Amino acid sequence: MASFVMWHATALFMILFRYSVRGHISYSIPEEMPKGSIVGNISQGLGLDLKRLKSGKARIFAGDNTEFVGLNKERGILLTEEKIDREALCAKTTPCALHLQLILENPMEWYDVTVEIIDINDNAPSFPKGEITFEISESAVIGARFMLENAIDLDVGSNSHLSYSLKPTDNFVLSLQSQTDGDRNMEMVLQKVLDRENKEQLSLLLTAVDGGEPQLTSTVRIHVTVLDINDNPPVFNQRVYKATLPENTPKDTVITSVSASDADEGSNAIITYYMSSTGDVNDLFMVDARSGKIILKGSADFEKASRYQLNIQARDQGGLSDSCKLPWVALYSYACLKRDLKTSAYIVLLSLSVWNTEIRRSSQNVFL
Ligand SMILES: [Ca+2]
Ligand SMILES: [Ca+2]
Ligand SMILES: [Ca+2]
Ligand SMILES: [Ca+2]
């Protein structure tokens, strides 16, 4: 068997040596042509008449290649046997060509035939992911860079040469840097600081356009979640609160509430209220750390003091704070009802102590 193979190989070599290549012809066709499309007139191209093709039993030898191209002996032309997908045949290799032989017998002749498959722009750019997400702190500094993955285009040449755009450009601009290996690093660069309190979610559109004719495009959505930092202190909704209470107000009565808000989120916005006053007032009043309610915790004695000043502080968990005052909590020592003869309404009469001035004042009418 081995000797037969050796003889066969030797015989083939001798045939090839004796009947060397008579000629060479090249054709170029675009990929994706329908089956049966004309590649070229090989009869004219090689100066072979149709009778010779027939008598020589002309045939196309494709070697290892699938038979993408066939011979019509009657017309002397080469035709496509099926659609040729350049990307499947050659991937990124250029040029992409089929190397065939036209073989004739009686006498044996052999012609090289090259069919170059020209790329068409039949692939749009494609991004590796359906969407891109980032979580970026609002403390990120201008110039901070965030890597983006390039799109892929299966075509070659200008049909796969991609340019990119990013919109909107309010906070980020696109940066493309060529590398020594021919790749390009694509990044979005922060050009205006983020503010979570102003905008927590950003949505950008990255577009890739190839250089084909017509151009094909692809887009990918970039979602940016802006992460909070504690850059806002609590703020009281009033600088000054006022309150009054009767002398015999029972313990645990809520006399008023203070309230602060914090524009941050999470623990950066959790507010705790404190009394920052000094002295006796701390024995008489307390502030609920969570609700901001000012609660009487002792007995208010008009004889001892007619006013108190409370200082309240609101602090977030990051240590930022604000303060407010209750510059007086006026105690009134008595109240009585008096009937208005004209209107028949009852009038509440209060004895109020405001700062150092004792005044008597009628309250608004109380209708019973
Ligand atoms: Ca393309
Ligand atoms: Ca292509
Ligand atoms: Ca805060
Ligand atoms: Ca914040």
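Over residues 348–368 of this predicted model, pLDDT stays under 50, and for that stretch the model has 37 contacts beyond four places in sequence. For the chain taken as a whole, the mean pLDDT is 84, and 81% of its residues reach 70 or more. A further stretch in which pLDDT falls below 50 covers residues 334–338, and here the model has ten contacts beyond near neighbours in sequence. Both stretches are best kept in mind when reading what follows about the chain.

The secondary structure consists of five helices and 26 strands, and of the 368 residues in the chain, 21% are buried. If one considers the contacts with a separation of 6 or more, 64% of them are accounted for by residues 24 or more positions apart.

One part of the strand content can be followed in some detail, namely an open sheet of four strands, which run in the order E1-E7-E6-E3 with mixed pairing. Strand E1 (23–30) and strand E3 (59–61) stand at the edges of this sheet, and because each has a single partner strand, one side of each is left without a neighbour in the sheet. Direction ignored, neighbouring strands of the sheet are turned against each other by 30° on average. Strand E6, residues 97–104, pairs with strand E7, residues 109–118, in the antiparallel sense, and eight bridges connect the two; within this pairing, Leu 100 has Val 113 in E7 as its bridge partner.

The loop between E6 and E7 holds Asn 106, a residue that has a positive phi of about 50° although it is not a glycine. Asn 106 counts as exposed, because it has 9 C-beta neighbours inside 10 Å, where the limit for an exposed residue is 12 or fewer. On the other side of E6, the loop that leads from helix H4 (86–90) to E6 contains Pro 95, and this proline is joined to Thr 94 by a cis peptide bond with an omega of about -10°.

The strands of this sheet also bear on the packing of the chain. The largest nonpolar core has 21 residues, of which Val 39, Val 69, Leu 98, Leu 102 and Val 115 touch the most other members. Two or more residues of this core come from each of E1, helix H2 (42–46), strand E4 (69–72), E6 and E7. Val 115 shows how such contacts are distributed: leaving aside residues up to four places away in sequence, Val 115 touches Tyr 27, Ile 29, Val 39, Val 69, Ala 97, Leu 98 and Leu 100. A second core, separate from this one, has 15 residues, among them Phe 236, Val 258, Ile 271 and Leu 284.

Two individual residues, Lys 51 and Leu 204, illustrate opposite surroundings. Lys 51 belongs to helix H3, residues 50–55, and is exposed, since 8 other C-beta atoms lie within 10 Å. Its C-alpha atom is 8.9 Å from that of Lys 73, although Lys 51 and Lys 73 are 22 residues apart in sequence. Leu 204, by contrast, is found in strand E13, residues 201–209, and is buried, because 20 other C-beta atoms lie within 10 Å, a count that meets the threshold of 20 or more for a buried residue. When residues up to four places away in sequence are not counted, Leu 204 touches Leu 166, Lys 167, Pro 168, Phe 172 and Ile 222. Between the C-alpha atoms of Leu 204 and Thr 169, which are 35 residues apart along the chain, the separation is 8.3 Å.

After E13 the chain enters the loop that leads to strand E14 (217–227), and Pro 214 lies in this loop. The peptide bond from Glu 213 to Pro 214 is cis, with omega near 0°. Further along, in the loop between strand E16 (243–246) and strand E17 (254–257), lies Asp 252, a residue other than glycine whose phi has a positive value near 70°. Asp 252 counts as exposed, because 9 C-beta neighbours lie inside 10 Å.

How values were computed. Residues numbered from 1 in each chain as written. Chains lettered and ligands numbered in written order. Predicted model: local features only at pLDDT ≥ 70, side-chain atom pairs only at ≥ 80, totals over all residues. Contact = placed C-beta atoms within 7 Å. Pairing = 2+ DSSP bridges. Axes fitted to C-alpha atoms, helices over the stretch in contact; angles between N-to-C directions. Core = buried A, V, L, I, M, F, W, Y, C linked by C-beta atoms within 7 Å. pLDDT = per-residue confidence, 0-100.
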